[in-house]
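Welcome! Here are some short exercises, each with a worked solution, to help you find your way around a new structure. Have a look at the model first, then try each task before reading on.

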Amino acid sequence: MHSASVWLSSLTLAAAGGWFAATMFAAPATSKEPRFPQLTMDQLDEKQRPLGEQIMKVSSVGIGGPYNPMIRSPVLGQRLFDLFYYLRWQTSVPTKLNEFAILIIGRQWRSQVEWFAHAPLAAKAGLSPDIIAELKANKRPSHMAEDEAAVYDFVTELTTTKKVSDETYARTKKVFNDQQIVDLTAVAGNYVMVAMMLAMAEETVPPGKEEPFKVGE
């Protein structure tokens, strides 16, 4: 388990990036009853409470977003919480490229919450606004650095063709070491899972905020 100081330091990063804030206040996609009514700490049972308490240490906005459905399966939720921590704060992939990979998955899934949360984080980390705009338009960005192109081609090929060609792998290997390639694969797969969780639970952007993707985009 991470020390309290590590968790609290990650809170500062989370607050700056807005990831927790962007996912906390998500509302159902329709006016029907939510599939997963928002839990409160008082409602958690003895199996859920330890995870809820850990989440509350790093999130000033509570147990919303993907945590709301995840906490229904507390053992899985704990494993995912630990994985999220590594893939956001301890991964070997540089932050700009890590966020780029997350955006690629968010665009593939047309995930309103993922794009809403991570486009600002990618921009803050130094990803070009032009790259973000072209990706949002469902285009291969036209002016990418070698490492950015490697991320785009690797993640896109792996997630759409279910394999990575020797040519693509060789180009990826030029700019990333073995650990980074493994971590890049993991972050892409993780955010497919997050997109699935958000879609299943019909989560969307915070009330009063505009959804990134319009009808037909």
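**Exercise 1: A salt bridge between two helices**

The side chains of Lys174 and Glu146 come together in a salt bridge, 3.4 Å from N to O. Your task: find which helices hold the two residues, and how many residues apart they are.

Solution. Before starting, note that this is a predicted model, in which local features need pLDDT of at least 70, side-chain atom pairs count only at pLDDT 80 or more, and totals for chains, interfaces and linings use all residues. Residues are numbered from 1 along each chain as its sequence is written, and side-chain values use heavy atoms, with hydrogens and water left out.

- Step 1. Recall the term: a salt bridge is a side-chain nitrogen of Lys or Arg within 4 Å of a carboxyl oxygen of Asp or Glu.
- Step 2. Place the residues: Lys174 sits in helix H10 (residues 166–175) and Glu146 in helix H9, so named because helices (H or I, at least four residues) and strands (E, at least two) are DSSP runs numbered from the N terminus.
- Step 3. The pair links distant parts of the chain, 28 residues apart.
- Step 4. Check accessibility, where buried means under 20% relative accessible area, exposed over 50% and partly exposed in between (1.4 Å probe, protein chains only). Lys174 is exposed at 64%, while Glu146 is partly exposed at 48%.

**Exercise 2: The other bridges**

Work out how many salt bridges a search of the whole structure finds, then look at two of them.

Solution.

- Step 1. The search finds 10 salt bridges.
- Step 2. One joins Arg35 and Glu202, with the closest N and O atoms 3.2 Å apart. Arg35 is in the loop between helix H2 (19–24) and helix H3 (49–58), Glu202 is in the segment after H11, and 167 residues separate them.
- Step 3. Arg35 is partly exposed, at 45% relative accessible area, whereas Glu202 is buried, at 15%.
- Step 4. Add Lys32, and you have a network of salt bridges linking Lys32, Arg35 and Glu202.
- Step 5. Now turn to Arg88 and Glu99, whose side chains form a salt bridge of 3.2 Å, N to O. Arg88 belongs to helix H5 (residues 74–90) and Glu99 to helix H6 (residues 95–109), so the bridge ties together parts 11 residues apart in sequence. Both Arg88 and Glu99 are buried.

**Exercise 3: A residue in H6**

Is Asn98 buried or exposed, and which residues does Asn98 contact beyond its neighbours within four places in sequence?

Solution.

- Step 1. Asn98 lies in helix H6.
- Step 2. With a relative accessible area of 2%, Asn98 is buried.
- Step 3. Counting contact as heavy atoms within 4.5 Å, and setting those sequence neighbours aside, Asn98 touches Leu87, Thr91, Val93 and Val187.

**Exercise 4: Two helices that cross**

Find which residues make the contact between H9 and H11.

Solution.

- Step 1. H9 passes H11 in a right-handed crossing.
- Step 2. On the H9 side are Val151, Phe154, Val155 and Leu158; on the H11 side are Ile181, Leu184, Thr185 and Ala188.

**Exercise 5: The whole chain**

What does the secondary structure of the protein chain come to?

Solution.

- Step 1. The count is 11 helices and zero strands.
- Step 2. Of the 217 residues, 48% count as buried.

Terms used:
Left-handed = near helix turned anticlockwise from the far one by under 90°.
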